[in-house]
Amino acid sequence: MALSLLCPLLATFLFMQTMADTSFVQSRAAFYPNSQENGTDVGACEFGSFGATVNGGDVSAASNLYRNGVGCGACYQVRCGNSALCSGNGVTVVITDQGSGHNTDFILSQRAFGRMALNTDAAASLLALGVVDIQYRRVSCSYPNKNITVKIHESSNNPHYLAFVIWFQQGNRDITAVQICETQNFVCKLLDRSHGAVWTTTAPPSGPLSLRMLFSPEEEGEETWVVPVNKIPQDWKAGQTYDLGVQVDQ
């Protein structure tokens, strides 16, 4: 067989072997047709402008994977099954919104949808299709040189009501519970997930606040409480962000 014919066949074989990985789930993906290249700053997770630009704009809305907000901040490797247009690696996206259509699990940003392709020309062809068969799997979120950060929601009113979202969620586990603790008497209070990724409480403890976050695997497994080293200051203000000084690898 001529080498010119063997190389494309070999490439197709390797692509099919890669796509046969049983750790992936079969599904479909679309993209935001009327959006900018990046994500949206009005997503259901309530990440705001962070949700449009986090992970370089490689973000997605999710349907079942949204999980009533528990899925906000989770990362997935998504790759399409068209060997003529798509790479075997695909793209890693962060869930920032809720949405569904055309029996899809993901509605990607235009940037993320195009990044599943082999090159720029293939990306244009992929975008023209609009909806494609894909495979996906949960992967660890990684934000080099970034600590987990709290963004105080604009609805907050010190000292009567505290609401915040957690930025730069790392690893491959969900944040399923959050406590805030008064640092002097260590009186702790369990927060409510009001919607999306927004954690809230009325009458929060006074003084600097220590956070405790419960990281849980999506399937059965060990849960871990993580206590950041940095505190939310006593004079916290709506709209402010506070670096918690901790990273979570797993």
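Select the lining of the second largest cavity to begin, where the residues divide by class into eight nonpolar, two polar and no charged ones. The model you have open is a predicted one, and the cavity at this first stop has a volume of about 40 Å³. To display its walls, pick Phe47, Phe50, Cys72, Gly73, Val94, Tyr143, Ile166, Trp167, Phe168 and Gln169. If you colour the chain by its domain assignment, which gives domain 1 (25-138) and domain 2 (148-246), you will find that each of the two domains supplies at least three residues to this lining.

Keep that colouring and move to the largest cavity, whose volume is about 80 Å³. Its lining is made up of Phe47, Gly69, Val70, Cys72, Ile166, Gln169, Ile175, Arg193, Ala197 and Trp199, a set that divides into seven nonpolar residues, two polar ones and one charged one. Where does the largest cavity lie with respect to domain 1 (25-138) and domain 2 (148-246)? Because both domains give residues to its lining, the largest cavity lies between them. With a threshold of 30 Å³ or more, the cavity count comes to two.

Now zoom out until both domains are in view. The centres of domain 1 and domain 2, taken over C-alpha atoms, are separated by 27 Å, and across the boundary 14 residues of domain 1 are in contact with 15 residues of domain 2.

Next, switch to a ribbon display and look for an open sheet of five strands, which has the order 11-12-8-7-15 and antiparallel pairing. Its edges are formed by strand 11 (192-195) and strand 15 (241-243), each of which pairs on one side only. Viewed across the sheet, neighbouring strands are turned by 35° against each other on average, with direction ignored. For a closer look, select strand 11 together with strand 12 (residues 198-202), which pair in the antiparallel sense over three bridges; here His195 stands opposite Val198 in strand 12.

From there, turn to an open sheet of four strands, in the order 10-9-13-14 and again with antiparallel pairing. The edge strands in this case are strand 10 (188-190) and strand 14 (224-226), each pairing on one side only, and the twist from one strand to the next averages 25°. Select strand 9 (residues 174-182) with strand 10, and you will have an antiparallel pair joined by three bridges. Which residue of strand 10 stands opposite Cys181? The residue facing Cys181 there is Cys188.

The last two stops concern the backbone, and it helps to recall that most residues other than glycine have a negative phi, and that most peptide bonds are trans. Select Asn158 and Pro159, which are joined by a cis peptide bond with omega of about 5°; Pro159 is found in the loop between strand 7 (149-152) and strand 8 (161-167). Then select Glu46, which has a positive phi of about 65° although it is not a glycine, and which lies in the loop between strand 1 (25-31) and helix 2 (49-53). To close the tour, step from Glu46 to Phe47, which is listed in the lining of the largest cavity and also in that of the second largest.

Key:
Residues numbered from 1 in each chain as written. Predicted model: local features only at pLDDT ≥ 70, side-chain atom pairs only at ≥ 80, totals over all residues. Heavy atoms only, no water. 1 Å grid on protein atoms, 1.4 Å probe; cavity = no way out; pocket = protein on both sides within 12 Å on 5 of 7 lines; lining within 4 Å. Points joined across faces, edges and corners; volume = space filled by probe spheres on them. Nonpolar A, V, L, I, M, F, W, Y, C, P; charged D, E, K, R; others polar. Domains from an automatic or database assignment. Pairing = 2+ DSSP bridges. Helix = DSSP H or I, 4+ residues; strand = E, 2+ residues; numbered from the N terminus. Axes fitted to C-alpha atoms, helices over the stretch in contact; angles between N-to-C directions. Contact = heavy atoms within 4.5 Å.
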